[in-house]
Structure formats: C-alpha cells, structure tokens
Amino acid sequence: MIESMNLVILIASILVVVAVFTSLVSFRVGAPLLLVFLFVGLGAGEDGIGGIMFDNAPLAYFIGSIALALILFDSGFETQLRTLKIAAWPSLVLATFGVMITTGVIGAVTWLVLDVPWLVALLFGAIVSSTDAAAVFFLLRVGGINLRDRTRSTLEVESGSNDPMAVFLTISLVELIILGGGENIALELLQRFVLQIGLGAVFGLAGGYALVQMINRIKLEPGLVPIITMACALSLFGATSILGGSGFLAVYVAGLFAGNSKMNMSVGVRRFQHVTTWLAQIAMFVTLGLLATPSEFGAVIIPGVVLALVLVFIARPVAVWLCLMFFNFSRNDTAFISWVGLRGAVSILLAIVPMVEGVPEGQLLFNTAFIVVITSLLLQGWTIRSVAKWLGIIVPPRHGPVDRIDLELPGNANQEIVVYRVHEASAVATGHRIPRWARPSLILRDGASLRPHSAGPVQAGDQVYIITPPRHVELLDQLFAGPAEGANDVELFGDFSFPPDTHISDIGRLYGFAVDEDDAGLTVADILKRDLAGDVELGDRVAYGTVELIVRRTDDEHGVIEVGLAVEQQKAKPKRRIPIFQSRSELLEIWKDWQKRKRAEKNLALRGESTVKSLSHDDNSDPAEPTPATHGEDDAQQRAPSVSDKAAPDDLAETGKAADTADAVETTQAAEKAEAAEIAEPAETTETAKTGEARKTRKSGKKTEPDNPKDKVAKT
C-alpha cells in the first residue's frame, strides 16, 4: 500500500514537472499552453508512452471540480470593479441566453449527427456550451493581446460567469434523463435555475463579505492568510452545492467581492492564488487527459469535428450576435468575441457527469466532447492573435515592459511598497524628472543600498523602492517602464500634444482651421467624447477641419489626460468590414431604408394606376346631351383636349418626384384632385359662356364669325 502511494506521488510530480517544462515549447511555437497540458495527460495514459491505466471517472470529476472552483475564485478576485461596470450586462446576457442558444443549436445538430434521443442531444449541447475560463484568461492575460477594454472585459467576465449556467443545465438534464422528465420540463428547469443561481449569488456575496471581515479583524500570520482564504473559498463551494445552489457561481461572486474590497494581505493572497491556479490548471488538464482513451476516438472523430466546426462557425457566432446586437458592439468586436469561445477543461469535466450518473450514452458523449475541445483549442487557440490583427481590433499598449514587485505594508495603511527595476529606455532613465510624490525611499545599485539624496540621478538597472497608494501604481509604471511599441510614432499619436482642457477655438486660431460656432466653448476632450460617443480608447482619432485629434493618454476610467494633434489628416486606411454581425442601430437603418423603398414603390404604383384610369376615362366618356355649336366652337372643343394631353406628361413627371419622398402619398393625391378641379373649372366656364353666346346670336339672327384659335387657347 505504501509503495503504491509513493508510486502515485512520484508519477504525479513527474507529470507536473513535464507539463511545466513543455510550457517552454508552447511559448516558442505559439501553441495554446493548456492544450500542451492535455497532451501530456494523453501521452501518459494507457494509449500513450506512459501506459498509465486510469479509468476512475468519479475521482477525475472530484479533482476537476476542486481545480475549477479555485480557478473561478481567482478569476473573480482578479476582475476589477471598473471591468465589471464596463461589461456587466453584455457578459450577463452571454452567460445566460448565450449558453442556452448554443445548447439549442448544438443539441439539434447532435440529434442529427449522433442519432441519440433529443434529451441526450440537448445534454451534449449543454456540455460544450460554455467557454473555458482558464483558456480565455491565459490567452488574454499571458498571450499579450492588447484589446479595447470593453471587448476584453466582456470576454473575461463572460468566461468566468457562464460556467455555472452550463453546470446547471448539464446536471439538470442528466437528472431528467435518469429520473424521467415530468409533464412540463421547461417549468422544472426554470425552478432549478432560480434556486441554483439565486442561492449561488446570495451565498457568494455573504461568503465574500464574511471572508473580508474575518481577514481584517483577526490577526493571523501572513503565511496563513492565503491558506485560510483558499480554504474558505472551497468551504463556500461545498456548502452552497449541498444546499442546492451553484457552488461555482458562489466562489466566483465571493472572489469578485473580496478582490474589490479593502482586505489585508491582498497582495500576498494574489501571489499565492497565481501559484494555486497554475497548479489547478495543470492537475485538471493532465487528469482529464489520463482519463481519455484515444483508441476509442476513431468512431467519433468525424462527428466530433463536424460538431466542433458547427460550434465555432455557427452556434457560437449566432449566440454572440443575438446577445450583443442590443449593446452596439462593432462588427469586428462581435466577430472577435465569437471567435474567442474556446472550449476546454470545463466541457471535458461536464462530460464526466453522464458517465458517473450512468447515462447509457455517457462514454459516447465524453469521447465526442474531447474531440470538440481539442479541435477548438487547435483552431481557435492557435489563431487568436492573427484573427485580432486581421480584424484590426488591437490597440496600442499604455506602457511598455515593466519589472515591478508589489509589497504590502501590514495593517490598514492603504499603502504599498512598489519595487521597480529601471528600464534603460524608460522616461526616468532618459532624464525625465521624478515627481515629488514618486520619490524613491531606497535605491539598490550594484548590490549596495543607497539613500536617494546620495545616490544621485536614477540609472538604468537600479532597483527603486517607493511607498505609494495603490491608485498611483499605473502612473509609476509609465515612469519606470520601457517605451511602449509605437509610443513615439508620429503617425499613430500625432505631431503635437495638448492638455485635455485646451479649447478647440484656441487650437483653431493657432493652426488656422475653422471652428464651428457651437464648438467655440468646447475643449478637445469634449470634442473627442462627443464624437466617440463616450467610448474613448487609446489611439482613437477624430477628424476636425483640416486636422485630427488623437487620444494620446487615458486614465483607468477612460478619461482623456493627453490629446495628440495631427496637422495633416491621414488617408484613412480601409478598415476590414465583415458582412455579418450587424448591430441594433445598423439593423434599424436597414429596416427604415426598406420601408422607405417599399412606400416609394407603392406610391409610384398608385400614381401610375391613377394616371391610366384618368386617361381611359377621358377616351371612353360620351357627353350626355349634345350641345349645338358653331364651327369656331367645334374648333375650340377639338383643341381643348390638347391641354389635358399636355398635362399628362407633367403629371408623370410629378409622380417621379413624389416617388423620391416616402411619406407623400396623401399629399400627392390631394394635389391631384385640386389640379383636376382647377383644369375642369375653366373648361366648364368656357363651354357655358360659348353656349350662351350662341343662343344670343341665333335669337338676334346675326351670323357669328369663327374666333381665332389662338385667342381661344389664350382665353382657356
């Protein structure tokens, strides 16, 4: 027994070491690191070179659940409140309705491809419906892709909050399959959803508040604070799950509350959680790789790849588009969010549930889910950076590389000790003056400790110790970090810079361009916020007159703190515009244009029918009572229709003009009636007058000479 335990410890530690060293290969070739961990488990399994026999599905689910709980707690702890404010509603919609839409689409395709009962097909849709928090956080934070804050925040919050929804759907569908669904399955699922999500959110808030109060009020050894924090998170996970709530949601909410509260030793807790999160990811992926049997994949590899392609190119894009169209994301941002829908350990972990609970198709679902995960990591994880560049959504970094260590002071001083290694090309090393509030307390140079007043100017390679509030750390990064890529690029940030409170009228007088009267009292920051609709990001440009205003620097709240000016406007590079993922405003414009064209065509058709009926009526109408007339009157009557004939082309021209105006149907009809009345009234008056003159002539016995036709036309 003891030898077996020692063998297990030896094998587990060797697998961890191998997984860590293979990460070097991952960084060199650009492969997704979590995929490397998964392949380590496959290589050590029964079909690999290791030959380890591991088929204990309950143990694998137990290890994966603990690892996922730790990962979600760390995800919430690292999510800043401003990030949550930016992306709360889009992420919430994606985490709920997006998961359900994906479940429905994949369930329908699974029913066709795998030929399983429809409830089992929906179960597979729920298994692969959520994105993997570990994969997304790793690729966004470690991968070095600098995105717009709103896009990045949406991806991070969604990946951390959609796992509870997928877990809820999976467990509920498994219970319905085993126990048999009632008469109203939708109502049962709704009740379960309210119970699990509601209890998870409430217990998460209560647990996060209790954790912060305990750490702040009880004096503990600094080394014990991270341990008790992790233990409390796992206790919260277990208690919430036992009481019927979502334990995964509870630990995420608790981490979110604790990470954004003033908690003692938070820096040490973060550093410890980084270590435990890496260990949890390695343990979870290697364990799931050991559980898989690649020799059984041959029967499901084609259906699995088909389902993966449907998930990547149809189900995920449709779900993201339907959920985000009401939040006016750009098409390229929506496309990128739909592409970063990586499936990972969560899907494989959920695929174990049907096996543990005895669902007949459990092994089939597990093997298919494994193929889907591998395909997703290979296809999406390997191409995220190239897709971001192709869509043109990468923004310039705020600062360059920085070597910083955070040390927290004991107590509630709300101060931190920040240690910087001065970059040789940083602002401080190149002669920039250090502000008074950023003066170092200690400088280490060549192994010697120096006082700031005796050390002289800060040099490249120095280690400087600064005591500062946490809110000033971002500003210090800009002083001691290396230059950001393209930071001095004139084409990117403009020729000159101005404070954000500079009035646009002053710049207009200086550089000789016209300023609108309504804008005379506005600052350049006001112009940028107005034209960018408040969505301000570094590098955004706004054309004004003959110049361009550029967002050169921003703060944490997306406020403009420096504005660049390009004297000559650059020729706008054609931005890639994909033909799908229209936002709500774009769809409304398309709908309005379609309605406008439809009304115009209807108006043209009505005017054409009216003109045809009028001409037909004039040709077929006979006078009720013939009226005696002289030769001159006959001539005038013969010429009278020519006026109407000339009016017809004019009417058609008027119809063409009316067709350009969508709302002119009633006005045109009224004008037509009035025009007809004006033409008919003089004709009737003329005929009446001629008839009266003829009668008078016959009575007097005088012969009437025919009138001049030109005079007739002129009178008419």
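In which handedness of crossing does α12 pass α15? The crossing is left-handed, and the first view below shows where it happens. Please keep in mind throughout that this is a predicted model.

**View 1. Helices α12 and α15 cross at roughly 50 degrees.** Helix α12 covers residues 266-291, while helix α15 covers residues 345-357. Their axes come within 10 Å of each other. Because of the angle, α12 counts as oblique to α15. On the α12 side, look for Met284, Phe285, Leu288 and Leu291; their partners in α15 are Ala345, Ile348, Leu349 and Ile352. Sorted by class, the residues of this contact are eight nonpolar, no polar and no charged.

**View 2. Helices α5 and α8 pack with their axes 8 Å apart.** Here residues 118-127 form α5 and residues 163-179 form α8. The angle between the two is about 160 degrees, which means that α5 is roughly antiparallel to α8. The way α5 passes α8 is again easy to name: a left-handed crossing. From α5, the contact draws on Leu119, Val120, Leu122, Leu123, Ala126 and Ile127. From α8 come Ala166, Leu169, Thr170, Leu173, Val174, Leu176 and Ile177. Counting both helices, the contact holds twelve nonpolar residues, one polar and no charged.

**View 3. Phe336 and Phe370 touch the most other members of the largest nonpolar core.** This core has 122 residues. To explore it, start at phenylalanine 370 and look around its side chain. Leaving aside residues up to four places away in sequence, Phe370 touches Leu38, Leu42, Leu288, Gly289, Ala292, Phe297 and Ile348. You may recognise two of these names from View 1: Leu288 of α12 and Ile348 of α15 take part in the contact between those helices.

**View 4. A second core of 18 residues is separate from the largest one.** To find your way to this core, look for Ile504, Val524, Val547 and Val551, which are among its members.

**View 5. Aspartate 477 sits in helix α19.** The helix itself covers residues 473-480. Is Asp477 buried or exposed? Its relative accessibility is 2%, and since buried means under 20%, aspartate 477 counts as buried. Now find valine 402 in the same view. Along the sequence, Asp477 and Val402 are 75 residues apart, yet in space their C-alpha atoms are 6.6 Å apart.

Conventions. Residues are numbered from 1 along each chain as its sequence is written. This is a predicted model: local features need pLDDT of at least 70, side-chain atom pairs count only at pLDDT 80 or more; totals for chains, interfaces and linings use all residues. Side-chain values use heavy atoms; hydrogens and water are left out. A nonpolar core is a set of buried Ala, Val, Leu, Ile, Met, Phe, Trp, Tyr and Cys residues joined through side-chain atoms within 4.5 Å. Buried means under 20% relative accessible area, exposed over 50%, partly exposed in between (1.4 Å probe, protein chains only). Contact means heavy atoms within 4.5 Å. Axes are lines fitted to C-alpha atoms, for helices over the stretch in contact, and angles run from 0 to 180 degrees between N-to-C directions. Helices (H or I, at least four residues) and strands (E, at least two) are DSSP runs, numbered from the N terminus. Angles under 35 degrees count as roughly parallel, over 145 as roughly antiparallel, 65 to 115 as roughly perpendicular and the rest as oblique. A crossing is left-handed if the near helix is turned anticlockwise from the far one by less than a right angle, and right-handed if clockwise. Ala, Val, Leu, Ile, Met, Phe, Trp, Tyr, Cys and Pro count as nonpolar, Asp, Glu, Lys and Arg as charged, and the others, Gly among them, as polar.
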